Every structure is written in C-alpha cells, then in structure tokens.
Amino acid sequence: MIKVVKFGGSSLASAEQFRKVGDIVRADAKRRYVIPSAPGKRHKNDTKVTDMLYECYALAEADEDIKPMLRKIRARYNDIINGLKLRYNLDDEFKVIEQKFLEKAGSDYAASRGEYLNGLLMASYLGIEFIDAAEVIRFDRDGNFDVDTTNNILKQRLKKTERAVIPGFYGAKPDGSIQTFSRGGSDITGSIVAKACRADLYENWTDVSGFLITDPRIIKNPKGIKVITYKELRELSYMGATVLHEDAIFPVRKEGIPINIKNTNAPEDPGTFIVESTCQKPEFTITGIAGKKGFVAVNIEKDMMNSEIGFGRKVLAAFEENEISFEHTPSGIDTFTVFVHQEEFEGKEQSVLSAIHRLAEPDSIELEADLALVAVVGRGMKSTRGTAGRIFSALAHANVNVKMIDQGSSELNVIIGVSNEDFETAIQAIYDIFVITQL
C-alpha cells in the first residue's frame, strides 16, 4: 500500500509543527511520498513565508536593498533548523536565491523557494531523498501544466525511489524556468504525485479535521463530514467552501484514488474521506451548505419567449460579448433570469443591457442587486422526500424571502437566492432543520 501525504503551511510553520509532521510520517511506513508547503503563519499576526518572498522580490524588481528581507526569511528557516537540532545549513541556497532575485528570475521563482527550502529541511529531518519538483513537474512554454509529460517523468522517477520529499506548488517549463500553480497549489502537486505512483490513498494534512457541514464563522461548532463524494465536493467548493484546492480533485478522481483530509494537530481524528462513490448512508440528509454573497439578478421578460427558438442563446451571447460568466439561469414561460457576480457586472452593466436589447429584443429588463446564493448539497437528498419543502419551511420560519430556487437534474443540490442581508440567517435556518433537529 502507498500513501502520498501533503502538509499545508500551518502544519510546517515552526519546529514544533515539523515534529508533529515527522511523527505522523514515521508512524506509518505506507506514507512514502511527502509533499510540503512553505511555512505558514505561526500565529494570527504572523506573515507567511510565501508572502515574504513576494515582498522581497518586489524590492528586487524596484532595485531596492533585498538583504534585510532575506535575513528575515532565513531567520524563519533557521528557527526551524535550530528547534529541530538539525545539522543543516541553508547559506548556499540563500546565496543562489539572492543572485536569482537580483537577476530578476521571476516572481514564480521567488514564490516557489518557500516550498523548495521547506522540502530540503523535511527531507533532512526525515532522512529520505529530496526530489526537486522542477525536475518532475512540467509546464509547457505558455505556462500550462503538461499532464502527460509530468506523469511519465514522475512514474519513472518514483519507480526508482522508495521514499521521497517532493515540494509542492511549482514545476518548470521546457527552458528550466520555474512556473507555479495558483496559490494553494501544493494540493495539486500531492494529487499529481498520487496519480503517478498509483497511490492507494492521498492524505491531505491541514489545521482542521476535515470538512465541516458549513462555515464555522456562521454556525458555531458545525458538525463534520465523514464521507463526501467528488461531485458533492465540487458543488460545495464552487460555492465557496475551501479546504482543498479545487484543481487537486481531478488527477486523483480520474484514478479513483480517495483523499483523506486530516488534522496535523489532531492526527487521531478520522477527518473527511473524499471518494468517487459510496454506498455509505450519510449521517444527515444533506452533506453540506455553502454560499457566496455579491450577485446581481438580470430579469428579462418577453411575451411568448418560450416559443421563440434561440432566445436563451441570444441573451447569454450578450454576457459572452462582455466576457462575463453566469452562475444560474432560472426561467419561466415569459421570464428568463441570469445571475452574475455583481463586482464583475457593475462596470459593464449598460453594455450588457444594450446587447440584450439588440440581440434578444425583450419587453423589459430589471436588475436586482445585493443577492446571495446558498447551495444545499447532499447525495441523501435524492432518496429523501420533501427536502425542498423542508428548506422553504425553515426559511419562511426565519422570515427569509427566497428570490430564486434552482435544482439540478441530479438532485444533488438545491441553489437558493436570498438577499445579502439574509445570507447568514438562511444558512442557520437550513442547518437547524437538517442537522440540529436530526440529532
């Protein structure tokens, strides 16, 4: 059995956290490939090393003195080295980094050094091989991730490597220049490594014990999710739930590799398993609740719209012309509504309205701003009668006015539109009716 284990920045922020990670890796011989992030915050007012590196490189680009900031970054790593009593020295590495910064090697290079240096320390601490991600994670000339090349290189390298540390977040283009994934990209690296070695399990270690049913900033101590499917996770992630980088799902999903979200500070907690499919009955009818504020509803009316072929396409073409993506399009016989991000829409609203009139010739258009979307997701909803009725009953009881409802044909999720000011109340009401009343 092979496990790939990825540790987030909070799990590697200090020597104390490094020890926890070392204990976790050594406790299970099946944990063979380790993907570290850069050191995160040690406390609330601390700064992540990646942010320090960005700041340092900005100084280099402005031809200002970078030495003081480099000393601060080096001090972060020296604190870890000294705390672990490691016989390891990063002086030569920092000389290279300083030279590369002065040569303006690029912000991607700068950002990647946090993971690179942490990988060196982790490999030394665990006593296993270090593999530079630039050697095995490949991007094309345009900076797009090269799936096939990476998979082939990694497969061959890992066949010859029993145990290794591979830094997350970055790789290299054909010319050897460093390219990074988006922020949080260490999750992606872990998933890519898991796919290449055909791991039995991808453990993603962070500072929470898996996914929670909803946002703990809204609901105090919400219940955890034991098992969630990739489809459910996709719906919740899309609506703002964040524990795992969205792009980290796809490489392992294709191979049917489960992901286990675990807590470095509470390794005995089971965490959340993310699986392709399961016959396990969920603890509650719903799996999770997530949502976002800041939407606009563009309400379009036209008599006999339902009999006009291509009406919806014409309306959506107006948004496409203005490079605005839409979220949902609930409709009636003579009405068609398009939900879009308010921030994206506001600067282009008159251009969009003009395009809709030109392309679709509606009778009228009305805008409603300051709306929120709430997604109620769960594989258990399909086999449970009255789910939508319970949602609306709970919202009515909480005096929340529903602006929109949209349910996918898979019956996996229900999307509800409410006013921004009712967002937290709506989530509380839905959580209460499906979780609290079932306990």
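**Close-up 1. Strands β11 and β13 pair up in an open sheet.** In this predicted model, β11 (residues 288-301) and β13 (residues 335-341) run antiparallel and share 7 bridges; strands here are DSSP E runs of at least two residues and helices are H or I runs of at least four, numbered from the N terminus, and pairing takes at least two DSSP bridges. Asn-299 sits opposite Thr-337 in β13. Helix α13 (residues 349-360) packs on the sheet, touching β11 and β14 (364-377) (contact: heavy atoms within 4.5 Å). The direction of α13 makes about 105° with that of β14 (axes are lines fitted to C-alpha atoms, for helices over the stretch in contact, with angles from 0 to 180 degrees between N-to-C directions).

**Close-up 2. The whole open sheet, edge to edge.** Its 6 strands follow the order β12-β13-β11-β14-β16-β15, with antiparallel pairing. At the edges, β12 (326-328) and β15 (404-407) each have a single partner strand, so one side of each lacks a neighbour in the sheet.

**Close-up 3. Strand β9 is tucked away.** 5 of the 5 residues of β9 (residues 259-263) are buried (under 20% relative accessible area, 1.4 Å probe, protein chains only), so the rest of the structure largely encloses this strand. Ile-259, Ile-261 and Asn-263 point one way, Asn-260 and Lys-262 the other. Strand β7 (residues 201-206) runs parallel to β9 and is joined to it by 5 bridges, with Asn-204 partnering Ile-261. On β10 (residues 272-275), which is antiparallel to β9 with 3 bridges, Ile-274 stands opposite Ile-259.

**Notes.** Residues are numbered from 1 along each chain as its sequence is written. Local features need pLDDT of at least 70, side-chain atom pairs count only at pLDDT 80 or more, totals for chains, interfaces and linings use all residues, and side-chain values use heavy atoms, leaving out hydrogens and water.

How values were computed. Buried < 20%, exposed > 50% of the residue type's maximum accessible area, 1.4 Å probe, protein only.
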